[in-house]
Amino acid sequence: MMKPSQRLYVAADLGQNQSVALDAGQAHYLAHVLRLPVGAAVLLFNGRDGEWLAHLSQIGKKGAEAVCAEQTRSQTPICDLDLLFAPVKGDRTDTIVEKATELGVARIRPVLTERTIVRKLNLERLKSRAAEASEQCGTLFVPEVHDTISLMSLLDPKAEVRRILFADEAGDAMSVAEALADKPARVALLTGPEGGFTPAEREKLRASPVVRPVNLGPRILRADTATFAGLTLIQSVWGDWA
């Protein structure tokens, strides 16, 4: 029997014969968009217990319930990769969260810089976008989406123990492969706002012992494109694509 294509992220524990409550939004989607009946099969994951084949035991307007039948995939280790990015205008912040999830980051942290225009975010919407992207792309976890943090707070070596790759437009920055040649255990990518980092910010970033300036290629990239390019390079030389 083919596995069902519909995957749902849930917070509850998963296990043999475990009954799992689904929320109203999930119930509406299953009943009125997919038109699934009681007994239909779905896949469930929670970021801890792998992926489980489950069958709908109840479905209604206010919620639904599914019972786990068998594990289809065991939980795999999460690549310890953070995305630190300056929020951008329009719906591109949502797109960054979606694509970063597809590219396998463990945590997403919006960073406020001097030139950051968008300073207030709807975190619940961003968490929802991350969950939807995880459901669609087949990962077994949903990245954590954190509240905004100031750029300077990242540069305290006592508070930040991961290697931060700073996407620098300067031509003398090193390649991503060079920056990760010693295979650090924990890595983060930092990308800036539409107007780039200020000279003072770049100076402080380059002086930090936890930061490595990296070059993302011969062209100047938009803020969102730089995020996708940087994550792709990191995953290909250090992460779970390597």
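**Ring pairs, sheet and helix packing in a predicted model**

Y9 is partly exposed, its relative accessible area being 28%. This value, like the others reported here, comes from a predicted model. The ring of Y9 takes part in one of the aromatic pairs of the structure, of which the count is two. The partner of Y9 is F45, and the geometry of the pair is tilted, with 5.6 Å centre to centre and 55° between the planes. Because Y9 belongs to strand β1 and F45 to strand β3, the pair ties together parts that are 36 residues apart in sequence. Unlike Y9, which is partly exposed, F45 counts as buried, at 0% relative accessibility.

The rings of F166 and F197 also pair; with centres 5.2 Å apart and planes at 80°, the arrangement is edge-to-face, because the angle is over 60 degrees. F166 lies in strand β10 (residues 163-167), whereas F197 is found in the loop between β11 (187-191) and α5 (199-207). The pair therefore links distant parts of the chain, 31 residues apart. F166 and F197 are both buried.

The strands β1 and β3 that carry Y9 and F45 are members of an open sheet of five strands, ordered β1-β3-β4-β5-β2, in which the pairing is mixed. The edges are occupied by β1 (7-9) and β2 (19-22); each has a single partner strand, so one side of each is left without a neighbour in the sheet. From one strand to the next, the twist averages 40°. Within this sheet, strand β3 (residues 41-45) pairs with strand β4 (residues 51-59) in the antiparallel sense, over five bridges. In this pairing, A41 has H55 of β4 as its bridge partner.

Two helices were found to pack on the sheet. Helix α1 (residues 24-33) touches β1, β2, β3, β4 and β5 (64-73), and its direction makes about 85° with that of β4. Helix α3 (residues 123-137) touches β1 and β3, and the angle between the directions of α3 and β1 is about 145°. S134 is one of the residues of helix α3. At 0% relative accessibility, S134 counts as buried. With residues up to four places away in sequence not counted, S134 touches R7, F45, T101, T139, F141, V142 and P143. F45 is thus a contact of S134 as well as the ring partner of Y9.

A further packing arrangement involves two helices. Helix α2 (residues 92-102) and helix α6 (residues 223-237) have their axes 10 Å apart and pack at an angle of about 10°. An angle under 35 degrees counts as roughly parallel, so this description applies to α2 and α6. On the side of α2, the contact is made by R92, T95, I96, K99 and A100, and on the side of α6 by D224, T227, F228 and L231. By class, the contact comprises four nonpolar, two polar and three charged residues.

Several loop residues were examined individually. R35 is in the loop between α1 and β3, and K183 is in the loop between α4 and β11. Most residues other than glycine have a negative phi. R35 has a positive phi, near 55°, and for K183 phi is likewise positive and near 55°. R35 is exposed, with a relative accessible area of 66%, and K183 is exposed, with a relative accessible area of 53%. E169, in the loop between β10 and α4 (176-179), counts as exposed at 60% relative accessibility. The C-alpha atoms of E169 and L216 are 7.8 Å apart in space, although these residues are 47 apart in sequence.

For the protein chain as a whole, six helices and 12 strands were assigned. The C-alpha atoms fill a box of roughly 60 × 35 × 35 Å, taken along the principal axes. Of the 242 residues in the chain, 47% are buried. Among contacts between residues at least 6 apart in sequence, 72% join residues at least 24 apart.

Methods: Residues are numbered from 1 along each chain as its sequence is written. This is a predicted model: local features need pLDDT of at least 70, side-chain atom pairs count only at pLDDT 80 or more; totals for chains, interfaces and linings use all residues. Side-chain values use heavy atoms; hydrogens and water are left out. Two strands pair if DSSP finds at least two bridges between them. Helices (H or I, at least four residues) and strands (E, at least two) are DSSP runs, numbered from the N terminus. Axes are lines fitted to C-alpha atoms, for helices over the stretch in contact, and angles run from 0 to 180 degrees between N-to-C directions. Contact means heavy atoms within 4.5 Å. Angles under 35 degrees count as roughly parallel, over 145 as roughly antiparallel, 65 to 115 as roughly perpendicular and the rest as oblique. Ala, Val, Leu, Ile, Met, Phe, Trp, Tyr, Cys and Pro count as nonpolar, Asp, Glu, Lys and Arg as charged, and the others, Gly among them, as polar. Rings of Phe, Tyr and Trp (its six-membered ring) pair if their centres lie within 6.5 Å; planes under 30 degrees apart count as stacked, over 60 as edge-to-face and the rest as tilted. Buried means under 20% relative accessible area, exposed over 50%, partly exposed in between (1.4 Å probe, protein chains only).
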